[in-house]
Amino acid sequence: MEFCTVEKADHVLTVTLDRPERLNALHPPASAELGAVFDDYAADDDLWVAVVTGAGRAFCAGNDLRYVAEGNKPFRTSGGFGGLTSRFDLTKPLVAAVNGFALGGGLEVALACDLIIASEDAVLGLPEPTVGTGAIGGGLQRLPRMIGSKRALGMILTGRHITAREGYELGFVNAVVPHDQLMEETGKWVAQIVRCAPLAVRASKDVVYRSLDIPSLSDAMANRYQSVWEMLHSEDFAEGAKAFSEKRPPVWKGR
């Protein structure tokens, strides 16, 4: 890896954006590399949860404008910005451990994750209008869906930076902890996910997101979800009931 580091342990993939000299701002080559990383995550049956964080004092400062100013031409990459913002078929969970600046595309990467755990030092925002563009990597769509249009537009139209605590109060950050406790707290959330049956976790995530596109509650509940079918016909489904009746911890196989 040239622009990130990757660690795999105990069913968990940890991806660390690694361009600290540019506050982990991403250019197309970095996004392409990350796209391949998340392709591998999706395909690896032994990986159940992924954590995304940043090296140094930033999570991700967004698009590498210096790269653009140097005359380099952008190109499309698998999964969108950071390999994540246009990836809609990944049912495995993603956790953002936001350690510092998460601005523009950096916040969009975090919003593309399912959970956001943030350091008290984190600074969040979609400042694209201040440099003549907009948060077109999903920020304009994801943030209003998460916190409502008025609160989202309060951030989007002003381009202002907010603290992690305000992000928590707005409802798109799951937890805020002292900076030196960020990875420990993230690990606690991840451990709780890994304790659950992986196919059940994936089906749950899949149904939540797909249901958001179905206005009627009755239609959403009546819809057929392939991920639910796979969960109900899995070895883990039988193991869960068996372990419960035998009063022992379940042994998940992810199949």
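This report walks through the sheet, a buried cysteine, the salt bridges and a surface patch of the structure above. Please keep in mind that the model is predicted.

**The sheet and its helix**

Let us start with the sheet. Six strands form an open sheet in the order 1-2-3-5-7-10, and their pairing is mixed. Strand 1 (4–9) and strand 10 (175–177) are the edge strands, each pairing on one side only. From one strand to the next, the twist averages 20°. Helix 1 (residues 28–43) packs on this sheet, where it touches strand 1, strand 2 (12–17), strand 3 (49–54) and strand 5 (94–98). The direction of helix 1 makes about 175° with that of strand 2.

At the strand 10 edge, the partner is strand 7 (residues 115–119), and the two pair in the parallel sense over three bridges. Which residue of strand 10 is the bridge partner of I117? That residue is A175.

**A cysteine in strand 1**

The other edge strand, strand 1, holds C4. Is C4 buried or exposed? With a relative accessible area of 2%, C4 is buried, because buried means under 20%. Leaving aside residues up to four places away in sequence, C4 touches V15, T16, L17, D18, E33, L34 and V37. Among these contacts, V15, T16 and L17 fall within the residue range given for strand 2 (12–17), while E33, L34 and V37 fall within that of helix 1 (residues 28–43). As for A50, its C-alpha atom is separated from that of C4 by 14 Å, and the two residues are 46 apart along the chain.

**Salt bridges**

The count of salt bridges comes to twelve. Three of the pairs are set out here, with the N to O distance and the relative accessible area of each partner.

| Pair | N to O distance | First partner | Second partner |
|---|---|---|---|
| R87 and D39 | 2.9 Å | R87: 13%, buried | D39: 34%, partly exposed |
| K205 and D114 | 2.9 Å | K205: 12%, buried | D114: 22%, partly exposed |
| E239 and R248 | 2.7 Å | E239: 14%, buried | R248: 28%, partly exposed |

Salt bridges that share partners also join R19, R22, D64 and E70 into one network.

What does the salt bridge between R87 and D39 tie together? R87 lies in the loop between helix 2 (65–69) and strand 5, whereas D39 is in helix 1, so the pair ties together parts that are 48 residues apart in sequence. Helix 1 is also the helix that packs on the sheet.

The side chains of K205 and D114 meet in a salt bridge too, and this pair links distant parts of the chain, 91 residues apart. K205 belongs to helix 8, and D114 sits in the loop between helix 3 (105–111) and strand 7.

**A nonpolar patch on the surface**

Helix 8 (residues 198–211) brings us to the last stop, since Y209 is found there. Together with V208 and L212, Y209 forms a nonpolar patch on the surface, and the three have about 320 Å² of accessible area together. How does Y209 count at 39% relative accessibility, buried or partly exposed? Y209 counts as partly exposed.

Key: Residues numbered from 1 in each chain as written. Predicted model: local features only at pLDDT ≥ 70, side-chain atom pairs only at ≥ 80, totals over all residues. Heavy atoms only, no water. Pairing = 2+ DSSP bridges. Helix = DSSP H or I, 4+ residues; strand = E, 2+ residues; numbered from the N terminus. Axes fitted to C-alpha atoms, helices over the stretch in contact; angles between N-to-C directions. Contact = heavy atoms within 4.5 Å. Patch = residues over 30% accessible without salt bridge, like charges linked within 9 Å, V, L, I, M, F, W, Y side chains within 5 Å. Areas by Shrake-Rupley, 256 points an atom, 1.4 Å probe, with all protein chains shown as cover. Salt bridge = Lys/Arg side-chain N within 4 Å of Asp/Glu carboxyl O. Buried < 20%, exposed > 50% of the residue type's maximum accessible area, 1.4 Å probe, protein only.
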